[in-house]
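Here is a short set of exercises to work through with the model open in your viewer. Try each task before reading its solution.

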Amino acid sequence: MKPSATPRRAKGAAPKAGRKVSTQRQEAPPPKRRGANSQQTRFSSRLRAWGRHHRAVSWDSFYRLLRHPVGSLLTMLAIAIALVLPAALWLTLDSARLLDAELDESATLTVYLETTVDPAQAARIDEAVSAEQAVLETRLISAEQGMVEFQESLGLDDALAGLDANPLPASIVVRPQSVELASMEQLSVTLASLTGVDEVRVDLAWVERLRHLAALGRRVALALGLLFGLGVLLVVGNTIRLAVESRRREIEVVMLIGATHAFVRRPFLYSGAWYGLGGGILSLGLLGLGNHWLSLPVAALAASYGASFSLPQLDITGSTILLSCSTLLGWLGAWLAVTRHLSSIRPR
Amino acid sequence: MIAFEHVGKRYGGRFEALAHLDFRVARGEMVFLTGHSGAGKSSLLRLIMRLEKPSRGRVIVAGHDIAQLHASQVPFYRRQIGVVFQDHQLLFDRSVFHNVSLPLDIQGIEPRESARRVRAALDKVGLLHREKALPVELSGGEQQRVGIARAVVNKPALLLADEPTGNLDPQLSADIMALFEDFNRIGTTVMIASHDLALIARLRHRILRLRDGRLVADEGAV
């Protein structure tokens, strides 16, 4: 039993357990003490037996999956497809949320002054607007400046050069404290009542709509996530149910000779977890594939708007969350299936 | 070791499989249980294994009323009993070695210790050279001996056997019974259900005779 002894593996000894045990044993030689320590020794040896069994069972259930590669792959694919849709939706909403933040940044009111207002008056009105409580900052755009910006953004130099006088009014761009629609509308009413102000424009209704749409989308994603999560549970549960059925005799025998429910359950739980993990990895692959497939047209579309936009991708955190969720779902599906069936299996 | 106190067992409320059973089996005893098929031999063994609970009375094994065991304690109770089945209940997808090591795997015995004990058990039943074989490659008598090795690998204090020689010819049956006598000689309490009257009469051990679920004779009791 000395750790230095050559790890001679007994012929026919469980090969699944043998692999890692020999290295582990070198780190922790089995304590051979008696007396006061025996309680502790028994506990630690039980703990090691437990760990050994988990290792053995996890590999054994992994090899069982490999033994039926097509069936396993189909199950994992079903899981992957069930995961891809909510994950894709989640990604889309996530990028919409980023967009939303940018919109908040650019949420402004534009106060158009009457054309009769001269620059000195305009500066006074600007001060008055800045003094409002609900206003964060303001930017005064004189009529000339407005013309220049207009020309730049439209590229209509020649056409506008032909005009006799500048038809544009001076304007003040106002960034409000709050981007809530109600408070902005209230602010716009206040600003519109100032003398010299022609019109206040709040172009926020569509931002609000987009926000509602995003909220709706999040709810849909959550519902879909729950629904498809249930789908994963059912897929794994059904697969495990068949596995339990096919190993029914073995289960009966081990229960006859004193196996606990936990012992019987363990290999199936690992199978479920492997299915879930495999499905999660496949769904990551599918997401990547979809991203690749859509990236070209999306880039072209964005370019046609003069913007650059790339499809959102799962980062490390997102991938880890997806894999953990799928593994957990697989485990849970297996647990439900086995627990439901164990009660129906009674040793004869 | 085993005490039945006014034990009765009904199935489905009507069929009375066992009734008014009262007997004791001392530690280290070897007992045959006999009777025609349907007399309740298997039911009696199932009660001891706590696959079922008695409808009436108490079954006491090693000082415990086993009906009182909580469901979670039952596996640990069964580990103390070695059982040999008529159809030996071997797993056909694993080798002889792994079939025998099953009870030790369940208990999480360290692999080296487990291998040592499996070999000792296989040696005892004379099948050490077949440890890598699959059960299908073995003859009926050999399969039964593997079943016995699995039952004793854990060194149980109580060994139960349900028709262990049911499908075997007389010579093989005698060999199997001799094995059980060996285990009894080292202190194991042995209880064997068998209808092979000629064989068990020759062996001169205590015989409990059942008829229609009742104990009709207790021969050779100490």
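The exercises below move from a sheet to a helix and then to the contact between chains.

This is a predicted model, in which local features need pLDDT of at least 70, side-chain atom pairs count only at pLDDT 80 or more, and totals for chains, interfaces and linings use all residues. Residues are numbered from 1 along each chain as its sequence is written, while chains are lettered from A and ligands numbered from 1 in the order in which they are written.

**Exercise 1. Work out the strand order of the open sheet in chain B, and find its edges.**

Solution. Strands are DSSP runs (E, at least two residues), helices likewise (H or I, at least four), numbered from the N terminus; two strands pair if DSSP finds at least two bridges between them.

- Step 1: Start at strand E1(B) (residues 2–11), which seven bridges join to the antiparallel strand E2(B) (residues 15–25). Check Lys9(B), whose partner in E2(B) is Leu18(B).
- Step 2: Look at the hairpin of E1(B) and E2(B): three residues lie between the strands, and Gly12(B) has a positive phi near 60 degrees.
- Step 3: Five bridges link E1(B) to strand E4(B) (residues 56–61), again antiparallel. Gly8(B) stands opposite Arg56(B), and Glu5(B) is bridged to Arg58(B).
- Step 4: The order is therefore E2-E1-E4-E5, four strands with antiparallel pairing. E2(B) and E5(B) (64–65) each have a single partner strand, so one side of each lacks a neighbour in the sheet.

**Exercise 2. Test the length of helix H5(B) and decide how covered the helix is.**

Solution.

- Step 1: The expected span is 1.5 Å times one less than the number of residues. For the 13 residues of H5(B) (140–152) that gives 18 Å, and the end C-alpha atoms are 19 Å apart, which agrees.
- Step 2: Count a residue as buried if 20 or more other C-beta atoms, placed from the backbone, lie within 10 Å of its own. In H5(B), 10 of 13 residues pass, including Gln143(B), Ile148(B) and Val152(B).
- Step 3: Those buried residues pack against E6, H3, H4, E7 and H6 of chain B, with contact meaning C-beta atoms within 7 Å.

**Exercise 3. Describe the side of chain A that touches chain B.**

Solution.

- Step 1: Chain A brings 22 residues to the contact and chain B brings 20.
- Step 2: Helices H1, H2 and H9 of chain A each supply at least two residues of that side of chain A. H2(A) gives the most, five residues.
- Step 3: That side of chain A divides into 14 nonpolar, five polar and three charged residues. Here Ala, Val, Leu, Ile, Met, Phe, Trp, Tyr, Cys and Pro count as nonpolar, Asp, Glu, Lys and Arg as charged, and the others, Gly among them, as polar.
- Step 4: For confidence, the predictor gives the complex an ipTM of 0.86 and a pTM of 0.72.

Conventions
Two residues are in contact if their C-beta atoms, placed from the backbone, lie within 7 Å. A residue is buried if 20 or more other C-beta atoms lie within 10 Å of its own, exposed if 12 or fewer, and partly exposed in between; C-beta atoms are placed from the backbone.
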